Amino acid sequence: MLSCIQPTGEVHLGNYLGALRNWVSGQHEKDAFHGIVDLHALTITEAPDVVGQATLQLGAVLFAVGLDPDVATVFVQSHVTEHSQLGWIMECQVSFGELSRMTQFKDKSAKREHDFVSAGLFTYPALQAADILLYDTDEVPVGDDQRQHIEITRDIAIRFNHRFGDTFVLPKAVMPKAGARVMDLQDPTSKMSKSAGSDTGLVYLMEDPAAIMKKFKRAVTDSDSEVRFDREAKPGVSNLLEILAACTGESPEALATRYTQYGPLKTDTGEAVVELLRPVQARYTELMADRAELQSLLRKGAAKAGEVAAATLARAQRNIGLLPA
Ligand code: AMP
Ligand code: TRP
């Protein structure tokens with residue numbers, strides 16, 4: 001099983017409750033690979049030093065939330081050079097037309113109308129195909145926005161296997177285990193997202209407790225004052241209940257019966273989040289204070305990933321019939 005995350009923007013509560021927490025429980029169920037895909041982040045990053053720092057921080061987050069370097073394989077994409085090497089081969093297996101039809105490319109390039117649109121943004125799916133195929137991946141847990149990229153990866157693998165003989169395992173997209181869906185505290189009909197206009201509705205994983213409490217106390221609810229779990233009619237209150245439920249393990253419906261006012265619900269939810277994050281933040285601070293240790297954990301992941309990746313790349317090169325060095 002492979003999942004990858006780009007080192008862009010700070011990790012927020014939605015990422016944690018919706019995805020990362022499941023990665024942690026999932027590491028004991030599947031042979032899990034988790035890539036920090038820094039090369040993909042280069043498609044839109046121009047400033048120096050940004051990606052490396054974000055990569056280090058994301059690495060610290062992944063270990064801090066509980067990924068165990070002895071269990072899961074957590075690695076940085078650029079540390080496993082096979083990604084770029086197979087990426088080029090993938091670019092030669094996919095057509096200009098296929099890449100032109102990718103929704104994410106069309107969306108992202110349209111949004112960058114007045115910005116530099118790199119060729120990397122266009123060939124991004126070929127690198128993603130390399131990420132996936134290098135690990136003989138069976139399952140890629142992704143949301144709807146990434147399904148098209150998994151489909152094109154399958155198409156590329158089928159085409160390659162047909163041209164050059166059986167080389168790659170065909171991956172499939174699977175629904176990630178359902179985590180909580182965390183909405184913006186100021187706009188509870190939109191998902192909490194790093195692309196939100198303002199961060200007053202966004203709770204970052206590494207935010208200090210006082211700031212977290214303040215954001216919860218100011219969370220948007222509604223003008224009647226009944227506490228009830230109803231996403232349609234009461235999105236703000238329901239979001240608080242769902243967050244509290246994700247922290248305590250109880251159901252949002254059961255929690256709702258315990259409150260008659262919004263104030264205590266906001267305070268309790270804020271406190272539950274602060275307590276849930278406290279050990280994660282402590283571990284993160286420790287890891288960031290010992291950069292050598294953190295980098296050695298990432299090197300260990302890269303070595304494990306590299307072993308599998310090197311074997312797959314060699315198989316692909318041999319089957320194509322590239323002249324051995
Ligand atoms: P992103 O930051 O959008 O690249 O998302 C990284 C992961 O976090 C993906 O698996 C998303 O599905 C998950 N995620 C992002 N935002 C939320 C949210 N507000 N609630 C639940 N899961 C989320
Ligand atoms: N494209 C994915 C995203 O935007 C990130 C990604 C890169 C990825 N390589 C991957 C996801 C391989 C799954 C598997 O979120």
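Is Arg278 buried, exposed or partly exposed, and what is its relative accessible area? Arg278 is partly exposed, at 43%. Keep in mind that this is a predicted model. Two kinds of side-chain contact are worth a look here: aromatic pairs, 6 in the structure, and salt bridges, of which a search of the whole structure turns up 15.

**Aromatic pairs**

- A pair of aromatic rings is described by how far apart the centres are and by the angle between the planes.
- For Phe105 and Phe122, the ring centres sit 4.9 Å apart with the planes at 70°, so this one goes down as edge-to-face; the cut-off for that label is over 60 degrees.
- Phe105 belongs to helix α6 (residues 103-111) and Phe122 to helix α7 (residues 119-133), so the pair ties together parts that are 17 residues apart in sequence.
- Both partners count as buried: Phe105 has a relative accessibility of 18%, and Phe122 comes in at 16%.
- Elsewhere, ring pairs link up Phe33, Phe75 and Tyr135 as a cluster.

**Salt bridges in helix α12**

- Back to Arg278: its side chain meets that of Glu275 in a salt bridge, with an N to O distance of 2.7 Å.
- These two residues are 3 apart in helix α12 (residues 262-289), which means about one helical turn separates them.
- Glu275 is partly exposed as well, with 45% relative accessibility, alongside the 43% of Arg278.
- Helix α12 also holds Glu286 and Arg283, again 3 residues apart, or about one turn of the helix.
- The side chains of Glu286 and Arg283 form a salt bridge too, at 3.2 Å from N to O.
- Arg283 falls in the partly exposed class, at 34% relative accessibility.

**Other salt bridges**

- Asp222, Asp224 and Lys234 are joined into one network by salt bridges that share partners.
- Arg147 and Asp144 make a salt bridge through their side chains, with N to O at 3.9 Å; the cut-off is within 4 Å.
- The two ends of that bridge fall into separate accessibility classes: Arg147 is partly exposed at 29%, whereas Asp144 is exposed at 64%.

Methods: Residues are numbered from 1 along each chain as its sequence is written. Chains are lettered from A and ligands numbered from 1 in the order in which they are written. This is a predicted model: local features need pLDDT of at least 70, side-chain atom pairs count only at pLDDT 80 or more; totals for chains, interfaces and linings use all residues. Side-chain values use heavy atoms; hydrogens and water are left out. Rings of Phe, Tyr and Trp (its six-membered ring) pair if their centres lie within 6.5 Å; planes under 30 degrees apart count as stacked, over 60 as edge-to-face and the rest as tilted. Helices (H or I, at least four residues) and strands (E, at least two) are DSSP runs, numbered from the N terminus. Buried means under 20% relative accessible area, exposed over 50%, partly exposed in between (1.4 Å probe, protein chains only).
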